Amino acid sequence: MKKTSSKINRVRSFAFRLVIAGILLMYIGLLLKDYPFLMVLFMLLGLLSVMGSTLVYLRIGLLSVQAEQVICPSCGKRTKMLGRVDLCMFCGEALTLDPELEGKEFDESYNKRRPKKAGKNASERELEKSET
Ligand SMILES: [Zn+2]
């Protein structure tokens, strides 16, 4: 299966679908007002779905503030990436922050494999921030 959009975009469209599903569920609940139990059930499901998507939106908002900004080599636009590998938000070009992975085929599993020297990553990032 080929993935054509970046993580941030994918999470956003997931949250969007969740809102739509929530609204639909609540609407179905309204139609079922003759069956109080079902109505409450659908309303609650809809509410949960909308609240869940709010949480997803909040989370992706925070993540996208922290995400690395890079200039896409393919389309020249400024894009954001999460993790070690991601796709350009505009043209879907595979991007990496890790020189070791350069030129390799795009593989999402690189994000799950933790580099051996984990732990100093956060402090390194802080250093880089204060330098710029
Ligand atoms: Zn691009």
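How many Å should the 31 residues of helix 2 span at 1.5 Å a residue, and how far apart are its end C-alpha atoms? Keep that in mind while you get oriented; the model on your screen is a predicted one.

**Whole chain**

Colour by secondary structure to begin. You will find four helices and four strands in the protein chain, and from the N terminus the elements run α-α-β-β-β-β-α-α. Now colour by burial: of the 132 residues, 14% count as buried. If you draw a contact map, look at the pairs at least 6 apart in sequence; 41% of those contacts join residues at least 24 apart.

**Helix 2**

Select residues 36-66 and return to the opening question. The expected span of helix 2 is 45 Å, and its end C-alpha atoms are 45 Å apart, so the two agree. Show side chains for F42, G46, S49 and I60, which are the buried residues of this helix. Part of what covers them is helix 1 (7-31).

**Helix 1**

Move to residues 7-31. The same check works here, because 25 residues at 1.5 Å each should span 36 Å and the end C-alpha atoms of helix 1 are 36 Å apart. Pick out K7, I8, L18, G22 and G29, which are buried. Their cover includes helix 2, strand 2 and strand 3 (85-87).

**Two annotated spans**

Next, select 14-32 and 38-58. An unreviewed UniProt entry lists these residues under "transmembrane region". In the model, residues 14-32 are 95% helix and 0% strand, with end C-alpha atoms 27 Å apart. Residues 38-58 are 100% helix and 0% strand, and there the end C-alpha atoms lie 30 Å apart.

**The first hairpin**

Zoom in on strand 1 (residues 68-71) and strand 2 (residues 78-81). They pair in the antiparallel sense over four bridges. To follow the register, select E68 and find M81 opposite, in strand 2; then select V70, whose bridge partner in strand 2 is T79. Six residues lie between the strands of this hairpin, and G76 takes a positive phi near 80 degrees. A backbone torsion display is handy for that one.

**The nonpolar core**

Show I8, I60, M81, V85, L87, C88, M89 and L95 as spheres. These eight residues make up the largest nonpolar core. Two of the members were met earlier: I8 is among the buried residues of helix 1, and I60 is among those of helix 2. M81 is the residue facing E68 across the hairpin.

Now centre on C88. Which residues does C88 contact, leaving aside its neighbours within four places in sequence? The answer is S6, C72, S74, C75, T79, E93 and L95. One of these, L95, is a fellow member of the core, while T79 is the bridge partner of V70.

**Last stop: D98**

Finish in the loop between strand 4 (94-96) and helix 3 (109-112), where D98 sits. Is D98 buried or exposed? D98 is exposed, because it has 12 other C-beta atoms within 10 Å and a residue counts as exposed with 12 or fewer. Draw a distance from D98 to V85: the two are 13 residues apart in sequence and 7.9 Å apart in space, C-alpha to C-alpha. V85 takes you back to the core, where it is one of the eight residues.

Notes:
Residues are numbered from 1 along each chain as its sequence is written. This is a predicted model: local features need pLDDT of at least 70, side-chain atom pairs count only at pLDDT 80 or more; totals for chains, interfaces and linings use all residues. A residue is buried if 20 or more other C-beta atoms lie within 10 Å of its own, exposed if 12 or fewer, and partly exposed in between; C-beta atoms are placed from the backbone. Two residues are in contact if their C-beta atoms, placed from the backbone, lie within 7 Å. A nonpolar core is a set of buried Ala, Val, Leu, Ile, Met, Phe, Trp, Tyr and Cys residues joined through C-beta atoms within 7 Å. UniProt positions are given in the numbering used here, feature names are shortened, and annotations may be inferred rather than shown by experiment. Two strands pair if DSSP finds at least two bridges between them. The expected span of a helix is 1.5 Å times one less than its number of residues.
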